[in-house]
Amino acid sequence: MATSILFLFLSIFLFSGPTAYAWRPWPSTTLNTTTTAGASPAELGASKKFEGSSEFVKLRYHMGPVLTSNITVHPIWYGHWAPEQKRIIRTFLRSFSDSSIRGPSVASWWRTVRLYTDQTGSNISSNVILGEEKNDRGCSRGTSLTRLSVQSVIKDAITASTKPLPINTRGGLYLVLTSPEVAMENFCGQVCGFHYFTYPSIVGYTLPYAWVGNSHGRCPEVCAYPFAVPSYIPTAKAEMPPNGDVGVDGMVSVVAHELAEMASNPLVNAWYAGGDPSFPTEIADLCEGIYGTGGGGAYTGQLLVDGQSGAAYNLNGVGGRKFLVQWIWNPYLNYCSGPNALDQ
């Protein structure tokens with residue numbers, strides 16, 4: 001549900017006993033839907049101890065809906081955003097449904113997310129589009145937000161007197177993006193992004209939403225890794241961001257993480273591992289920090305390198321844009337996978 005702090009993620013892999021390895025388990029031919037009786041959230045959730053290993057991950061479908069209708073993403077730009085920063089994220093969102101882009105592409109990355117189905121066997125929609133947007137440059141709810149106050153930001157956007165965002169309860173996803181000067185509850189300390197659904201008592205509707213913050217100037221080594229690296233990993237070298245913006249390029253992967261989880265678990269009662277829905281381990285949590293073949297621990301895996309800029313990436317987008325996006329748990333293969341894999 002929440003993109004966890006990279007410090008915890010890396011420290012577990014670097015300083016604890018053997019728990020995950022940079023290898024691929026043999027693929028399974030069936031969905032891994034075994035229940036996890038007796039497993040605690042600590043075993044399956046916050047520690048991320050079992051990323052990349054099918055032996056320990058017990059993903060389960062809890063009979064809730066997934067987003068099978070056309071998906072429309074509505075960005076809410078909260079704070080001060082440069083036009084180029086908006087273009088990077090807009091281009092990424094426009095790349096989801098463009099199957100004409102040469103691989104590995106954003107659209108082919110989304111195909112892994114599409115493998116997840118609801119109880120009728122219907123897959124998550126392939127049609128993900130950029131919808132109408134809203135700007136809140138004045139930070140009307142202040143520059144220090146909480147998880148609950150984010151819902152008020154969404155309410156303001158859908159009830160605005162001029163150009164309100166449309167209310168879409170079937171396939172609408174509301175994406176609150178905060179600029180570097182905006183603080184968020186537990187930002188950098190525990191989360192880089194999170195998703196949930198709005199309360200009718202606050203917003204008037206139940207709408208899946210996510211928040212993602214720009215960590216530039218706050219904690220890029222946590223939320224924009226590997227474009228910035230923690231000082232406690234002295235041998236690590238930061239990768240060059242493919243669009244030249246450490247904060248926004250780091251956000252792109254977090255946005256992808258949250259969109260994948262909103263699509264597969266929009267009301268927190270569909271696809272996740274663990275017995276407690278308050279602390280679920282979702283399909284993107286399982287692959288956090290893995291961007292290529294062999295990834296695991298403090299290693300991103302095999303990345304592509306742009307021949308002109310030297311920037312690291314693993315996905316192509318519209319207009320020649322490139323992005324670096326974490327992998328997603330494949331429910332048929334039972335391990336993390338992405339379109340840039342060397343062994344598929």
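This briefing walks through some helices, salt bridges and polar contacts in the structure above. The model is a predicted one, so please read every value here as computed from that prediction. Two helices, α4 and α7, are mostly buried, and helix α7 also crosses helix α3. The structure holds 5 salt bridges, and we will visit some of them below.

**Helices tucked inside**

- Let us start with helix α4, which covers residues 106–114. Because 7 of its 9 residues are buried, helix α4 is largely enclosed by the rest of the structure.
- If you want to find the buried residues of α4, look for V106, A107, S108, W109, W110, T112 and V113.
- Helix α7 runs over residues 246–264, which makes 19 residues. From its first C-alpha to its last, α7 reaches 28 Å, close to the 27 Å expected at 1.5 Å a residue.
- Helix α7 is mostly covered too, with 18 of its 19 residues buried.
- At the start of α7, have a look at D245: a side-chain oxygen of this residue comes to within 3.2 Å of the backbone nitrogen of G247.

**Where α3 and α7 cross**

- The axes of α3 and α7 come within 10 Å, and they cross at roughly 35°.
- Seen as a crossing, the pair α3 and α7 is right-handed.
- On the α3 side, the residues that meet α7 are Q85, I88, I89, F92 and L93.
- Their partners in α7 are V248, M251, V252, V255, A256 and L259.

**Salt bridges**

- Here is the idea behind this group: side chains of opposite charge can pair when their charged atoms come close.
- Within helix α3 (residues 83–94), R87 and E84 are 3 residues apart, so about one helical turn separates them. Their side chains meet in a salt bridge, at 3.0 Å from N to O.
- Both ends of that bridge are partly exposed: R87 has a relative accessible area of 42%, and E84 has one of 33%.
- The pair also belongs to a network of salt bridges that links E84, R87 and R321.
- Another salt bridge joins the side chains of R141 and D156, at 2.8 Å from N to O. R141 sits in the loop between β5 (134–136) and β6 (144–145), while D156 is in helix α5 (residues 147–158), so the pair ties together parts that are 15 residues apart in sequence.
- R141 counts as partly exposed at 38% relative accessibility, and D156 counts as partly exposed at 24%.
- D306 and K322 form a salt bridge as well, with their closest N and O atoms 3.7 Å apart. D306 lies in the loop between β12 and β13 (312–313) and K322 in strand β15 (residues 322–323), so this pair ties together parts that are 16 residues apart in sequence.
- Both D306 and K322 are buried.

**A buried aspartate in a loop**

- D285 is found in the loop between β11 (271–273) and β12 (304–305).
- Is D285 buried or exposed? Its relative accessible area is 2%, and buried means under 20%, so D285 counts as buried.
- D285 has a polar contact with the backbone of E282: a polar atom of the D285 side chain lies 2.9 Å from the backbone nitrogen of E282.

Terms used
Residues are numbered from 1 along each chain as its sequence is written. This is a predicted model: local features need pLDDT of at least 70, side-chain atom pairs count only at pLDDT 80 or more; totals for chains, interfaces and linings use all residues. Side-chain values use heavy atoms; hydrogens and water are left out. Buried means under 20% relative accessible area, exposed over 50%, partly exposed in between (1.4 Å probe, protein chains only). Helices (H or I, at least four residues) and strands (E, at least two) are DSSP runs, numbered from the N terminus. The expected span of a helix is 1.5 Å times one less than its number of residues. A polar contact is a pair of N or O atoms within 3.5 Å; within protein, one must be able to donate a hydrogen and the other to accept it, and residues adjacent in sequence count only if both atoms are side-chain atoms. A salt bridge is a side-chain nitrogen of Lys or Arg within 4 Å of a carboxyl oxygen of Asp or Glu. Axes are lines fitted to C-alpha atoms, for helices over the stretch in contact, and angles run from 0 to 180 degrees between N-to-C directions. A crossing is left-handed if the near helix is turned anticlockwise from the far one by less than a right angle, and right-handed if clockwise. Contact means heavy atoms within 4.5 Å.
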